[in-house]
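Work through the following exercises with the sequence and the coordinates at hand. Each one sets a task and then solves it step by step.

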2 protein chains.
Amino acid sequence: MGTDYVHGYTTAETRRLTDQAGTLADLLHGDTPYEAGSRVLEVGCGVGAQTVQLLTRSPGIRLTSVDISEESLAHAKARVAAEVPGAEVDWLHADLLGLTPDQLGLFDHLFLCFVLEHLPKPVEALTSLQRLLRPGGSITVIEGDHESAFFHPRSTEAQAVIDCLIDLQAEAGGDSLIGRRLQPLLTDAGYDDVRARPCTVYADETLPHLVDGFTRKTFIAMVESVRDRSLAAGLRTPAQWEQGIRALERAAEPGGTFHYTFFKAVGTQRWSG
Amino acid sequence: MGTDYVHGYTTAETRRLTDQAGTLADLLHGDTPYEAGSRVLEVGCGVGAQTVQLLTRSPGIRLTSVDISEESLAHAKARVAAEVPGAEVDWLHADLLGLTPDQLGLFDHLFLCFVLEHLPKPVEALTSLQRLLRPGGSITVIEGDHESAFFHPRSTEAQAVIDCLIDLQAEAGGDSLIGRRLQPLLTDAGYDDVRARPCTVYADETLPHLVDGFTRKTFIAMVESVRDRSLAAGLRTPAQWEQGIRALERAAEPGGTFHYTFFKAVGTQRWSG
């Protein structure tokens, strides 16, 4: 993570992560209601976009939200204070690999959204987190998969700028194609009864809220956030970059379409062992 | 179509198309119940896999099923007789572009599944069919999109054999990536209130019926059906082909995953004009 974190900490990036959660909230969170009073650990809360969803969709939970970035935590605190007034969250500045039950106790539920994609060793992270989950407790993991992005009209230039995002995240030790392998990852980490499902976003002109909220403000904005690093790495020339973004934007215009698949996996902690 | 039709008419192919319909039936047909007594035209019924679905899911419809292949129609008739005893279907051997209201009258609903992908001019076909639809009547179109196929573990060899399927269909004048553009296609053809949605299939070891019924018996079987033509066209060597299929089969083994998106679009006939 650190400076190689593929998503920046700029204001524009904070806004993008915020827009993303608003648009995708029902799709990603609709079937994750936690019971009031349960202890929930949000691992990698970032700027708090999902924290707000957890607090509003599962009122009465006892939430602990952890992030490795102090700056992100500050954003998250401010956001929760503004959007869910009165909500209490135990905020924790820590590396997820360093969390221990001695320090935190056991949780009923673990929640990770857009976190594993940034980790060089996701199975080890999942195994480490298992120590914090009570027997019978659940883990929920949500990730995207950038190879699931396809669109009309097709364009090799547009695909090339998307590939920059995939390549830069891989160079930073992450995997933006991790969505497809959540089921084997959680199973390999030792969780029980793992179930994964796709959460598909499709947008065309008949769905203007998704064209704007997802195609433009989530996906294209995410690609645009790696422009400077792509140019600095020599992956594209400025002219090629502009051409690619323009081609991608046609998917958000009338007659265009855009498709992307997230994956959501849920596993449980074994009762024995 | 004719000899360039990318899907063969062999027994193995007939079995694949049959397996496909069984596995995908709920996903693709679940929300298409036609009212009893309504006149439905199935365009391009092939070997009857979808015909059976229409008859069983919408009892009492007055169904006309058209195909350009007499051999396929014979299969379809036999299949319906065996699986939906007593069902009456008006079978018609014709090119869809030659159908006229003078000959057939007007229909309440048009249904096309895995047909447009084979046509060099899908918009013209859709426009031509419009003459057969009563004002306020509906058209339903279902198609796949082979670029939506992605899997774990990733493999360039596996992707290369999938690309053979895409390339051969394109050479034959078709478009196996047509799913993503159903909304603009139906809109361009003049249908009203067009809505498209993705129908996503995801299979991993926790979903053995889909691993077997979809990953193996639908998708991999479809790729395997173009082996000889791919080798004859020099797209792959026999060794490369076997390597690609073996790599693809790993997606159907424990720890593997497979993802594919179909699209279903519905439009209506304008009341005026």
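**Exercise 1: Cysteines**

Task: determine how many disulfides there are over all chains, a disulfide being a pair of cysteine sulfur atoms within 2.5 Å.

Solution. The count under this rule is 0 disulfides over all chains. In chain A, the sulfur closest to that of Cys45(A) belongs to Cys113(A) and lies 12 Å away, which is too far for a bond. Cys45(A) is moreover buried, with a relative accessible area of 5%, where buried means under 20% relative accessible area, exposed over 50% and partly exposed in between (1.4 Å probe, protein chains only). In chain B, Cys45(B) likewise takes part in no disulfide, the nearest cysteine sulfur being that of Cys113(B) at 12 Å, and Cys45(B) counts as buried at 4% relative accessibility.

The model is predicted, so local features need pLDDT of at least 70 and side-chain atom pairs count only at pLDDT 80 or more, while totals for chains, interfaces and linings use all residues. Residues are numbered from 1 along each chain as its sequence is written, chains are lettered from A and ligands numbered from 1 in the order in which they are written, and side-chain values use heavy atoms, with hydrogens and water left out.

**Exercise 2: Relation of the chains**

Task: work out which operation lays chain B on chain A.

Solution. Superpose the copies by least squares on the C-alpha atoms of residues with pLDDT of at least 70 in both. A turn of 180 degrees with a shift of 0.0 Å along the axis brings chain B onto chain A with an RMSD of 0.0 Å. This is the relation of a two-fold axis. Both copies use the same surface, since 96% of the contact residues of chain B recur in chain A, contact meaning heavy atoms within 4.5 Å. Within chain B, the residue whose C-alpha comes closest to the rotation axis is Ser148(B), at 3.2 Å.

**Exercise 3: Helix α6 of chain A**

Task: describe the span and the packing of α6(A), given that helices (H or I, at least four residues) and strands (E, at least two) are DSSP runs numbered from the N terminus.

Solution. Helix α6 of chain A covers residues 156-171, and its 16 residues reach 22 Å from first to last C-alpha, close to the expected 22 Å, which is 1.5 Å times one less than the number of residues. Among its buried residues are Val161(A), Ile162(A), Leu165(A) and Leu168(A). The buried residues of α6(A) pack against β6 (150-152), α8 (208-224), α9 (227-232) and α10 (238-249) of chain A. After α6(A) comes Gly173(A), with a positive phi near 95 degrees.
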